[in-house]
2 protein chains.
Amino acid sequence: MATGRTHRPATRSRGIPEATVARLPLYLRALTALSERSVPTVSSEELAAAAGVNSAKLRKDFSYLGSYGTRGVGYDVEYLVYQISRELGLTQDWPVVIVGIGNLGAALANYGGFASRGFRVAALIDADPAMAGKPVAGIAVQHTDELEHIIESNGVSIGVIATPAGAAQQVCDRLVAAGVTSILNFAPTVLTVPDGVDVRKVDLSIELQILAFHEQRKAGEETGPEGGAPTTSGRPAAVAAAAEAAVAGERKGPDGDVPAVMPA
Amino acid sequence: MATGRTHRPATRSRGIPEATVARLPLYLRALTALSERSVPTVSSEELAAAAGVNSAKLRKDFSYLGSYGTRGVGYDVEYLVYQISRELGLTQDWPVVIVGIGNLGAALANYGGFASRGFRVAALIDADPAMAGKPVAGIAVQHTDELEHIIESNGVSIGVIATPAGAAQQVCDRLVAAGVTSILNFAPTVLTVPDGVDVRKVDLSIELQILAFHEQRKAGEETGPEGGAPTTSGRPAAVAAAAEAAVAGERKGPDGDVPAVMPA
DNA sequence: ATGTCTTTGTGAACGCGTGCACAAAGATGG
DNA sequence: CCATCTTTGTGCACGCGTTCACAAAGACAT
């Protein structure tokens with residue numbers, strides 16, 4: 001998963017732990033698939049396997065919602081789909097605005113899974129006057145000037161920011177001032193928001209860097225198990241030369257270790 | 001942040017906690033901004049504010065990397081940029097393939113932050129023969145048949161999956177079989193991979209659902225603090241009618257509460 | 001009705017992550 | 001050289017999340 005919790009460090013909302021809330025959509029997806037196959041009931045073991053989690057964790061998660069299972073049988077699929085949907089607030093309509101209709105914003109607007117679960121793209125907003133009126137995913141793009149009006153007249157409480165990093169905070173401030181209280185941020189910036197506003201961050205670059213860290217560790221373990229600084233990539237292809245040049249010495253080694261960036 | 005850890009539940013890699021690794025890119029970004037403004041040193045307090053974290057947490061995070069600060073002064077910006085980059089493996093070149101060049105895949109290919117930090121888009125791969133040869137972001141799309149060849153000849157160890165959900169597992173299997181050991185998955189599916197392969201998931205739909213949960217809770221608290229089932233949205237606009245119809249009764253209420261999905 | 005068998009729901013223990021608070025370290029000025 | 005002041009690095013305690021293991025509950029067969 002590509003997200004870190006930003007705000008709300010450990011707020012246990014209505015007794016449901018944050019970690020559990022984050023898994024509910026996962027269960028819901030697995031249950032929906034079972035529902036489409038007309039499977040009537042499912043055990044915690046089966047469902048856990050489908051969702052990729054531990055069965056004990058799943059049972060504990062469900063126990064926060066109530067006792068919805070039947071011992072000796074399992075959980076009723078349709079009933080559970082409804083209960084989780086209701087708990088997540090998906091039984092109501094959530095109008096969403098997307099701000100910043102570049103490559104990513106357009107992709108989000110076209111994303112099918114968006115509308116599937118109660119989320120409705122109410123408006124697309126971009127700062128470029130040339131974009132105004134242009135249809136994207138069947139919706140005409142509107143100019144940033146209209147932002148406040150759109151938010152208020154549509155009762156939008158969820159905003160998606162897909163602008164460049166430089167514009168994100170400003171857009172965020174305007175969204176919040178207009179009444180938005182939940183923000184999904186794709187811009188690579190830390191957003192500052194007042195209390196009561198939730199921000200979730202999706203950052204491609206961070207995800208890749210985390211993968212690179214583990215990848216490097218794997219490569220280092222392969223070549224030498226002494227656990228020190230990695231030497232070269234485990235994959236002996238084109239990366240080797242660059243890797244060797246960049247990663248040569250020991251931590252806090254001689255000057256040759258730290259080229260041109262050593263402190264005074 | 002929009003990602004959840006998938007694999008690797010609590011593996012402490014080389015003594016660096018997973019939570020710390022996830023924050024290093026954040027610090028690196030803030031430090032890079034300082035570096036561009038030619039700021040020589042920064043205190044843990046300042047840097048923590050820029051990265052949106054607690055200063056004690058930041059100091060503890062850095063302590064896992066070593067003693068890179070100077071008491072009474074702070075941290076040398078350039079030196080820290082280098083150390084974190086090296087720790088994350090960003091001093092070497094990481095060729096990346098993107099599979100699935102639809103709206104999202106194209107957006108990812110065009111994403112600037114991709115190439116900025118050692119990640120290089122080595123190839124774009126799509127199953128549609130009509131896409132083959134078409135340039136996206138300056139790179140010609142190649143057909144899925146070439147997948148194994150591309151991975152092996154470029155020494156690719158990181159793959160990005162941006163295909164529809166139905167194709168994701170199959171693509172994943174082929175990537176892994178060809179030698180990829182880190183996968184960033186944008187498809188809304190749980191991927192099954194062998195041990196030693198890292199998967200990180202970016203799921204827009206899940207993020208929105210988590211936001212909706214908190215949004216619903218906020219609305220429920222506004223109207224009635226008795227903590228029961230929410231009644232209507234806190235925003236009195238167009239959503240009210242739909243919300244009232246959908247969210248009416250109490251948990252485990254009479255049949256009218258659960259329309260057409262009640263278990264036997 | 002009774003026994004058996006399956007599966008849930010949860011008490012308890014453990015480990016990781018976070019934040020406080022402070023001692024140690026070094027810079028800086030006199 | 002000494003005193004003071006700033007800032008780091010970390011010991012410690014606390015809380016959340018995960019996992020194990022098992023008792024309770026209900027289905028089902030006889």
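A polar contact is a pair of N or O atoms within 3.5 Å. With that yardstick in hand, the start of helix H3 in chain B makes a good entry point into this predicted model. There, a side-chain oxygen of B:Asn54 comes to within 2.7 Å of the backbone nitrogen of B:Ala56. The helix itself covers residues 55-65, and B:Gly66 follows H3(B) with a positive phi, near 140 degrees.

Part of H3(B) is turned away from the surface. B:Ser55, B:Leu58, B:Asp61, B:Phe62 and B:Leu65 are the buried residues of this helix. Looking down the axis of H3(B), these buried residues stay within an arc of 120 degrees, so they line one face of the helix. The cover over them includes several elements of chain B, namely helix H1 (18-36), helix H2 (44-51), strand S4 (74-76) and helix H4 (77-88).

H3(B) also takes part in the surface near DNA strand C, where its 4 residues make up the largest share. Altogether, 26 residues surround DNA strand C, and the closest of them are A:Ser44, A:Tyr75, B:Lys57, B:Lys60 and B:Arg71. Of the atoms of DNA strand C that come within 4 Å of the protein, sugar and phosphate account for 63%. Both protein chains contribute to this surface: helix H3 (55-65), strand S3 (69-70) and strand S4 (74-76) of chain A, along with H1 and H3 of chain B, each supply at least two residues. Sorted by class, the surface near DNA strand C has 10 charged, 9 polar and 7 nonpolar residues.

Individual contacts with DNA strand C involve both backbone and base atoms of the DNA. A phosphate oxygen of DNA strand C lies 2.6 Å from a polar side-chain atom of A:Tyr75. For B:Arg23, a polar side-chain atom is 2.8 Å from a phosphate oxygen of this strand. B:Arg59, in turn, places a side-chain N or O atom 3.4 Å from a base nitrogen of DNA strand C.

The surroundings of DNA strand D can be described in a similar way. Here 27 residues surround the strand, with A:Arg23, A:Arg71, B:Ser44, B:Arg59 and B:Tyr75 as the closest. Sugar and phosphate make up 63% of the atoms of DNA strand D that come within 4 Å of the protein. H3(A) provides the largest share of the nearby surface, with 4 residues. At least two residues each come from H1 and H3 of chain A and from H3, strand S3 (69-70) and S4 of chain B. By class, the surface near DNA strand D holds 8 nonpolar, 9 polar and 10 charged residues.

Among the contacts with DNA strand D, a polar side-chain atom of A:Lys57 lies 3.4 Å from a phosphate oxygen. The side chain of B:Lys60 has an N or O atom 3.2 Å from a base oxygen of DNA strand D. B:Gly72 uses its backbone instead, with an N or O atom 3.0 Å from a sugar or linking oxygen of the strand.

A contact between the two protein chains involves B:Arg200, found in strand S11 (residues 198-202) of chain B. The side chain of B:Arg200 makes a polar contact, at 2.4 Å, with the side chain of A:Glu207. B:Arg200 counts as buried because its relative accessibility is 6%, under the 20% cut-off.

Two loop residues of chain A deserve a look for their backbone angles. Most residues other than glycine have a negative phi. A:Ser38, however, has a positive phi, near 60 degrees. A:Ser38 sits in the loop between helix H1 (18-36) and strand S2 (41-42) of chain A, and its 61% relative accessibility makes it exposed. A:Ala137 likewise has a positive phi, near 55 degrees. The loop that holds A:Ala137 runs between strand S7 (135-136) and strand S8 (139-143) of chain A. With a relative accessibility of 36%, A:Ala137 counts as partly exposed.

Finally, a word on the cysteines. A disulfide is a covalent bond between the sulfur atoms of two cysteines. The structure holds 0 disulfides over all chains. A:Cys172 has 0% relative accessibility and therefore counts as buried; B:Cys172 is also buried, at 0%.

Methods. Residues numbered from 1 in each chain as written. Chains lettered and ligands numbered in written order. Predicted model: local features only at pLDDT ≥ 70, side-chain atom pairs only at ≥ 80, totals over all residues. Heavy atoms only, no water. Buried < 20%, exposed > 50% of the residue type's maximum accessible area, 1.4 Å probe, protein only. Arc of directions from axis to C-beta. Contact = heavy atoms within 4.5 Å. Polar contact = N/O pair within 3.5 Å; in protein donor to acceptor, adjacent residues only side chain to side chain. Disulfide = S-S within 2.5 Å. Near = heavy atom within 4 Å. Nonpolar A, V, L, I, M, F, W, Y, C, P; charged D, E, K, R; others polar.
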